[in-house]
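The following exercises are to be worked with the sequence and the three-dimensional model at hand. Each task is followed by a solution in steps.

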There are 2 protein chains.
Amino acid sequence: METVSLQRLEPKKKVGLIVVITGNGKGKTSSALGMAVRATGYDMRVCIVQFMKGDMYSGEMDGIKRLAPNVEMHLTGKGFCGIMGNPYPYEEHRANAQDAIKLAKEKMLCGKFDIVILDEINNALKLKLVDLPQVLDLIDSKPGPMHLILTGRDAHPDVITRANTVSEVHELKHAYRSGIEPQKGIDY
Amino acid sequence: METVSLQRLEPKKKVGLIVVITGNGKGKTSSALGMAVRATGYDMRVCIVQFMKGDMYSGEMDGIKRLAPNVEMHLTGKGFCGIMGNPYPYEEHRANAQDAIKLAKEKMLCGKFDIVILDEINNALKLKLVDLPQVLDLIDSKPGPMHLILTGRDAHPDVITRANTVSEVHELKHAYRSGIEPQKGIDY
């Protein structure tokens, strides 16, 4: 491969974006993790607060450690509320998500991070583990230059209204529908 | 945050998946990069061949180095063919994409990688920089346990037919439509 000289973009005006990644397809959390990788290329600092992923191991937990100290990840929650087999009562899910809201606000306002990712927060809102005013308060208290990324299916219309960029990931096909079990590195 | 004990999934049958991430919205390459992060959590090996991103710096070029030696990335191409301002003739774009096809096949068959990502290959096919039989040949020669991820808008129907998992990323909103320039760490 020939080496090409690289052009570098530099926005005249730095704007802290609100990005929402929603929809029922695969690739929402992956997309946020990918932005974290990209950001480390500029030596930016990223904080990820996962709202609902606490009880199932996923490769990102160790993968993200390779991006330290630029990226830190906090797991909260006890897995997907209401999903068959999940043993925890609603109150416990809610208490965990409430802790996550506090943690998210603290991380957003501490001045240390260029990007904060609130992973699965849309889902947590839809399941009433957090309340709409709490999520809107987080969005409205975003420091100007900081980017905020909110992921999870069923993003609330008021969240979408406040966002600058919104992608909706649709499932056209998924391996599990043809009886293939989740595969590590791809599905978890 | 309370520490919870983690459950670990282990599929009874390991299946090498074909995953397609297409659509016009933000988050396709990001999604593939995120899967690469996740895979490194299992110490898996990932090779990324970017088909059309050669002449514009993007944070992932340095970000991905933090995942070495598990992840390697090869930039090919001379940026987006046919986009206003791109100075290279079609023949040069095509020659580069043809090199990328050869490189991709070599990487897929060398036995070193658990995941190969063909970034923007759908786009390269749509723009006739590569031909449908070449892309189908790559897919059909995928080693059984290896996962293959194809990204880019306008995925060909024959590619979708062969895939196990297909996500289509729709743009609901994008910051640039409201006059905000691309921001680093998020858009590039």
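**Exercise 1. An unusual peptide bond**

In which loop of chain B does B:Pro69 lie? State also the geometry of the peptide bond from B:Ala68 to B:Pro69, and examine the corresponding bond in chain A.

Solution. The model is a predicted one.
- Step 1: B:Pro69 belongs to the loop between helix 2 and strand 3 of chain B.
- Step 2: The bond from B:Ala68 to B:Pro69 is cis, and its omega is near 0°.
- Step 3: In chain A, a cis peptide bond links A:Ala68 and A:Pro69, with omega about 5°. A:Pro69 is located in the loop between helix 2 and strand 3 of chain A.
- Step 4: For context, most peptide bonds are trans.

**Exercise 2. The surroundings of A:Asn70**

Determine whether A:Asn70 is buried or exposed, and identify what its side chain reaches.

Solution.
- Step 1: A:Asn70 is placed in the loop between helix 2 (60-63) and strand 3 of chain A.
- Step 2: Buried means under 20% relative accessible area. A:Asn70 has 2% relative accessibility and therefore counts as buried.
- Step 3: Apart from neighbours within four places in sequence, the contacts of A:Asn70 include A:Thr40, A:Asp43 and A:Met44, and also B:Arg66 of the other chain.
- Step 4: Its side chain reaches the backbone oxygen of A:Met44 at 2.8 Å.

**Exercise 3. Positive phi values**

Describe the backbone and the accessibility of A:Asp43 and A:Asp154.

Solution.
- Step 1: Most residues other than glycine have a negative phi.
- Step 2: A:Asp43 has a positive phi, near 60°. It lies in the loop between helix 1 (28-40) and strand 2 of chain A, and at a relative accessible area of 52% it is exposed.
- Step 3: The phi of A:Asp154 is likewise positive, near 60°. A:Asp154 is in the loop between strand 5 and helix 6 (157-162) of chain A, and its 41% relative accessibility makes it partly exposed.

**Exercise 4. The sheet and its edges**

Give the order of the strands in the sheet, and explain why strand 3 of each chain has a side without a neighbour.

Solution.
- Step 1: An open sheet of 12 strands has the order 3(A)-2(A)-4(A)-5(A)-1(A)-6(A)-6(B)-1(B)-5(B)-4(B)-2(B)-3(B), with mixed pairing.
- Step 2: Strand 3 of chain A and strand 3 (71-75) of chain B stand at the edges; each has a single partner strand, so one side of each has no neighbour in the sheet.
- Step 3: On average, neighbouring strands are turned by 15° against each other, direction ignored.
- Step 4: Strand 1 (residues 18-22) of chain A runs parallel to strand 5 of chain A and is joined to it by four bridges. Within this pair, A:Val20 has A:Leu150 as its bridge partner.
- Step 5: Helix 3 of chain A packs on the sheet and touches strand 2, strand 3, strand 4 and strand 5 of chain A, its direction making about 170° with that of strand 2 of chain A.
- Step 6: Between the chains, strand 6 (residues 165-173) of chain A and strand 6 (residues 165-173) of chain B run antiparallel, joined by seven bridges. Here A:Ser167 stands opposite B:Glu171.

**Exercise 5. Helix 3 of chain A**

Check the span of helix 3 of chain A against its expected value, and list what covers its buried residues.

Solution.
- Step 1: Helix 3 (residues 90-109) has 20 residues; at 1.5 Å a residue it should span 28 Å, and the 29 Å between its end C-alpha atoms agrees with this.
- Step 2: Its buried residues include A:His93, A:Ala97, A:Ile101 and A:Met108.
- Step 3: Among the elements covering them are strand 4 (115-119), helix 4 (121-126) and helix 5 (132-140) of chain A.
- Step 4: A:Gly111, with a positive phi near 85°, follows the helix.

**Exercise 6. Two chains and a polar contact**

Establish how the two chains are related, and which side chain of chain A makes a polar contact with that of B:Glu60.

Solution.
- Step 1: Chain B is superposed on chain A by a rotation of 180° with 0.0 Å of shift along the axis (RMSD 0.0 Å).
- Step 2: The copies are thus related as by a two-fold rotation axis.
- Step 3: Of the interface residues of chain B, 100% are also interface residues in chain A, so the copies meet through the same surface.
- Step 4: B:Glu60 lies in helix 2 (residues 60-63) of chain B and, at 1% relative accessibility, counts as buried.
- Step 5: The side chains of B:Glu60 and A:Arg38 make a polar contact (2.7 Å).

Technical notes. Residues numbered from 1 in each chain as written. Chains lettered and ligands numbered in written order. Predicted model: local features only at pLDDT ≥ 70, side-chain atom pairs only at ≥ 80, totals over all residues. Heavy atoms only, no water. Helix = DSSP H or I, 4+ residues; strand = E, 2+ residues; numbered from the N terminus. Expected span 1.5 Å × (residues − 1). Buried < 20%, exposed > 50% of the residue type's maximum accessible area, 1.4 Å probe, protein only. Contact = heavy atoms within 4.5 Å. Pairing = 2+ DSSP bridges. Axes fitted to C-alpha atoms, helices over the stretch in contact; angles between N-to-C directions. Least-squares fit on C-alpha atoms with pLDDT ≥ 70 in both. Polar contact = N/O pair within 3.5 Å; in protein donor to acceptor, adjacent residues only side chain to side chain.
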